[in-house]
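Visitor: I have a chain open here and would like to go through some of its strands and helices. Can we start with one of the sheets?

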Amino acid sequence: MKTFCGRANPTTGALDWVEESEEYDYHQEIARSGYADMLHDKDRNEKYYQGIRAAVSRVKARGEQVVVLDIGTGTGLLSMMAVTAGADYCYAIEVFKPMAQAATCIVERNGFSDKIKVINKHSTEVTVGPDGDMQERANILVTELFDTELIGEGALPSYEHAHMHLVQADCEAVPHRATVYAQLVESDMLWKLSQLQPIEVDGNKLLPPPAVVKCAGAPSVCDIQLSQVPPESFTPLGPICTMFRVDFSKQVSSAAQSYTAQFKAQTSGRAQVVLSWWDIDMDPDGSIVCTMTPSWNYSDPHTYPWRDHWMQSVYFLPAEKNVSEGEELNLIVSHDDYSLWYSLTHNVQNDVKVATFRPCCTCQAHLVWTRPRFGELNDKQRTESYVNALRRIVKPDSVCLSVSDGSLLPIFAHLLGQDWLVMKRFIFLYLYIYSDLIFFTLQISVLMGEPYFSTSLLPWHSLFFWYCRTAVAQK
């Protein structure tokens, strides 16, 4: 069985979709998935059901048989909603074989086998015709192909192909449209997740390398619960802008495009971060809306639906820009078939083309460190705690060994007065294999580390410091 999985591209930071081999352990993909969170998202489920019922009613009012196409059916929930709402037949497509098998079982146990056909293929491989997977084109298209960034799971190419080959020209789509919103803000707290800041230790100011300062950073989105970000931690520099809309009931293009929102700066400040989220209208009138807006922008914060499978997006501008109150600004969003990125200009542009510059890491640090890691390194209180601990134990004649990846602890120790230190983790790895290295003729007096390792994908990786302590005990 081949498995279709999302993988972060280490060069660009973007999400790539790849087919894993037959030997791939797909269970970890299920463990990391948001199936349970989606199934328990009451707001999402209610809005989808309302939208599906409305679409079925509109098709029946035209005197047509209702044929539904559900792309990415997962457990088959939306397909069963469609049949319950009165659909005559439903084709449920699911490329992930274990989920397709689960959907088949769930559909059968709920008594819908005669009206729902589960197809274990990618939607672009589905055929239509007397001998095909589908007997006819569908007149209702139901999908849930969205992620926090809206298009990161390949929604645009899937819709594009479906409209060309799988659905009728006048089909109803649930959801009917999506709208992407964005707001330009100044936020030192969020900016610390993108750029390394100067650090002070005992009167010494450590400056990040120029290459890191000038780097545009990783292009990938930072998904976050903006509802947990206090409004006082950022300053809006402009209004909440409607960036673009996608009408899913019509032909959709996955070609790269750009859109612009023009506004006057509400206040002076440093343009650093773009906060972004989206809504989906389940019906053409926009009366059934499922919104991802943060709680502080929600109509009634007390009834805000909490969800983790969809959050909000934070995008970092390639560089800070000073803006003045009343200044005319253009916030530009560009996208390819899988990802978005933002840029800011001061000049009015009537014809905005695809931005030629896409943020890309040139300093390598953004490829090694995650956004939370940047936040850790920029955390003054955290740094102070480590410095205070080192101050108590490091002496001028100390010999220190640091075993954490990308750690600043050796530099802190040096500034506190110790003379000789081993800074690179690979030295430890060689020590582990060749225990008689001359390099370690001096006895180690301080072993230091922090709970961060670039390979800490599994819980026991965080115990690496313990293994180090055991391995170097004889030294």
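Guide: Strand β18 (residues 328-335) and β19 are antiparallel and are joined by 6 bridges. This is a predicted model.

Visitor: Which residue of β19 does L331 stand opposite?

Guide: L331 is opposite L344 in β19.

Visitor: What is the strand order in that open sheet?

Guide: The order is β14-β18-β19, an open sheet of 3 strands with antiparallel pairing. β14 (257-264) and β19 (340-345) are at the edges with a single partner strand each, so one side of each has no neighbour in the sheet. From one strand to the next, the twist averages 20°.

Visitor: Other topic. How many residues of strand β4 are buried?

Guide: Strand β4 covers residues 89-93, and 4 of its 5 residues are buried, so that strand is mostly covered.

Visitor: And what does β4 pair with on the β3 side, parallel or antiparallel?

Guide: Strand β3 (residues 67-71) pairs with β4 in the parallel sense, over 5 bridges. In that pairing, L69 is opposite Y91 of β4. Between the two strands the chain passes through helix α4 (residues 77-84), and this β-α-β crossover is right-handed.

Visitor: How many bridges join β4 to β5?

Guide: There are 4 bridges between β4 and strand β5 (residues 116-119), and these strands run parallel. I93 is opposite I119 in β5. β4 and β5, with helix α5 (residues 97-109), form a β-α-β unit that is right-handed.

Visitor: Back to α4. How do α3 and α4 cross?

Guide: Helix α3 (residues 42-61) and α4 have axes that come within 9 Å and cross at roughly 40°. The two helices, α3 and α4, are therefore oblique to each other. Their crossing is right-handed.

Visitor: Which residues make the contact?

Guide: From α3 they are R44, N45, Y48, Y49, I52 and V56. From α4 they are L77, L78, M81, A82 and T84.

Visitor: What about A54, where is that?

Guide: A54 is in helix α3. Its relative accessible area is 24%, and A54 is partly exposed.

Visitor: Why partly exposed and not buried?

Guide: Buried means under 20% relative accessible area, and A54 has 24%, so it counts as partly exposed.

Visitor: How far apart are A54 and V174, in sequence and in space?

Guide: A54 and V174 are separated by 120 residues in sequence, and their C-alpha atoms are 9.4 Å apart in space.

Visitor: Now D281. Which strand is it in?

Guide: D281 is in strand β15, which covers residues 269-281.

Visitor: Is D281 buried or exposed, and what is it in contact with?

Guide: D281 is buried, at a relative accessible area of 12%. Not counting neighbours within four places in sequence, D281 is in contact with P175, H176, R177, G286, I288 and V289.

Visitor: Last one, the chain as a whole. How many helices and strands?

Guide: The protein chain has 14 helices and 22 strands. Of its 475 residues, 50% are buried. Among contacts in the chain with a separation of 6 or more, 73% are between residues 24 or more positions apart.

Technical notes:
Residues are numbered from 1 along each chain as its sequence is written. This is a predicted model: local features need pLDDT of at least 70, side-chain atom pairs count only at pLDDT 80 or more; totals for chains, interfaces and linings use all residues. Side-chain values use heavy atoms; hydrogens and water are left out. Buried means under 20% relative accessible area, exposed over 50%, partly exposed in between (1.4 Å probe, protein chains only). Contact means heavy atoms within 4.5 Å. Two strands pair if DSSP finds at least two bridges between them. A crossover is right-handed if, with the strands pointing away from the viewer, the path from the first strand over the helix to the second runs clockwise. Axes are lines fitted to C-alpha atoms, for helices over the stretch in contact, and angles run from 0 to 180 degrees between N-to-C directions. Angles under 35 degrees count as roughly parallel, over 145 as roughly antiparallel, 65 to 115 as roughly perpendicular and the rest as oblique. A crossing is left-handed if the near helix is turned anticlockwise from the far one by less than a right angle, and right-handed if clockwise.
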